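Student: I am new to this structure, and I would like you to look closely at one part and then follow it outward into its surroundings. Please take your time and keep the steps connected.

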Amino acid sequence: MQTFFAIILLLVINVAGQGHMTSPLIRIPQGDVENNLSITRSPTSSYPCGSGQNIGHVLTHYTSGQSINIKWEIGAAHEGECFVDLSTTGRDTDFKTIGSIPNCADKIGENQTNIQLPTDVTCDHCTLRFKWLAKLSGETYLNCADVSISDPQKGLNIQKTNRKRSCRSCIARGGSAK
Ligand SMILES: *[C@@H]1O[C@H](CO)[C@@H](O)[C@H](O)[C@H]1NC(C)=O
Ligand SMILES: *[C@@H]1O[C@H](CO)[C@@H](O)[C@H](O)[C@H]1NC(C)=O
């Protein structure tokens, strides 16, 4: 009898959803956290972002060319390949694939990998999309994260200017001491 209920529970969990990106933070529709992410983790045919169609606040900040960590969880091992897509328009258009994750859903559980961001893209508001094309079920899963990508050189230039400035005052002080 216990086994029977365990099987029913497993079926319910499977119906409720099969997987999603856990990092970076994704858009989650209202009420779905309380609902154990059953909508977020469900297959979808709604492009571009599945249940996360409402563009949200930027929650994650990257620099261009950065190797970023992507985490996801799989609730049903439907196999297939996952993709990381990037839209730079701030409007969820023009998604381009920047990384692929083969065999991303062979096993139930959490997994992670690193993907390199393009070196020539900066944006105040980009959308990073996780796309799982499940081989055994033919389903599609889509999750979107609102991110920014800044120029790592900009930070360096500011540091250089500051160093130059402090060095100049240091020479001036050195001169007056003589
Ligand atoms: C969410 O999961 C918890 C723990 O597994 C469970 O107690 C709760 O009933 C679930 N809520 C819904 C709405 O499915
Ligand atoms: C985790 O993902 C990698 C692909 O990045 C895959 O090769 C590996 O088999 C996966 N591990 C598990 C336990 O699914």
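Tutor: Let us begin with L37, which is found in the loop between β1 and β2. Before going further, please keep in mind that this is a predicted model. L37 is not a glycine, and yet its phi is positive, at about 60°. That deserves notice because most residues other than glycine have a negative phi. L37 is also buried, because 20 other C-beta atoms lie within 10 Å, and a residue counts as buried at 20 or more.

Two further features belong to this loop, and both concern a proline. P24 has its place in the loop between β1 (19-23) and β2 (60-63), and the peptide bond that leads from S23 to P24 is cis, with omega near 5°. P48 also has its place in the loop between β1 and β2, and there a cis peptide bond joins Y47 and P48, with omega about 5°. For comparison, most peptide bonds are trans.

It helps to set L37 beside another residue with a positive phi. D94 is a residue other than glycine whose phi is near 55°, and D94 is found in the loop between β4 (81-87) and β5 (96-102). Is D94 buried or exposed? D94 is exposed, because 12 other C-beta atoms lie within 10 Å, whereas L37 is buried.

From the loop we can follow the chain into β2, and from there into the sheet. Five strands form an open sheet with mixed pairing, and their order is β2-β8-β7-β4-β5. At the edges stand β2 and β5, each of which pairs on one side only, and from one strand to the next the twist averages 30°. The neighbour of β2 is β8 (residues 140-150), to which β2 is joined by four bridges, the two strands running parallel; H61 has S148 in β8 as its bridge partner.

Moving on across the sheet, β7 and β8 run antiparallel and are joined by nine bridges, and T127 stands opposite D146 in β8. These two strands make a hairpin with six residues between them, where G138 takes a positive phi near 70°. On the way to the other edge, β4 and β7 (residues 123-133) also run antiparallel, joined by seven bridges, with D85 standing opposite R129 in β7.

The strands also contribute to the interior. The largest nonpolar core has 27 residues, and the members that touch the most others are W72, F130 and W132. Each of β3 (67-74), β4, β7 and β8 supplies at least two residues of this core, and the largest share, six residues, comes from β8. As a general background, nonpolar side chains in soluble globular proteins tend to be buried together.

W72 offers a last step outward. Leaving aside residues up to four places away in sequence, W72 touches G19, H20, M21, T22, C82, C104, N111 and F130. Among the residues that surround ligand 2 are C104 and N111, together with I101, N103, D106, K107 and T113. Sorted by class, this shell around ligand 2 holds two nonpolar, three polar and two charged residues.

Key:
Residues are numbered from 1 along each chain as its sequence is written. Chains are lettered from A and ligands numbered from 1 in the order in which they are written. This is a predicted model: local features need pLDDT of at least 70, side-chain atom pairs count only at pLDDT 80 or more; totals for chains, interfaces and linings use all residues. A residue is near a molecule or strand if its C-beta atom, placed from the backbone, lies within 6 Å of it. Ala, Val, Leu, Ile, Met, Phe, Trp, Tyr, Cys and Pro count as nonpolar, Asp, Glu, Lys and Arg as charged, and the others, Gly among them, as polar. Two strands pair if DSSP finds at least two bridges between them. Axes are lines fitted to C-alpha atoms, for helices over the stretch in contact, and angles run from 0 to 180 degrees between N-to-C directions. A nonpolar core is a set of buried Ala, Val, Leu, Ile, Met, Phe, Trp, Tyr and Cys residues joined through C-beta atoms within 7 Å. Two residues are in contact if their C-beta atoms, placed from the backbone, lie within 7 Å.
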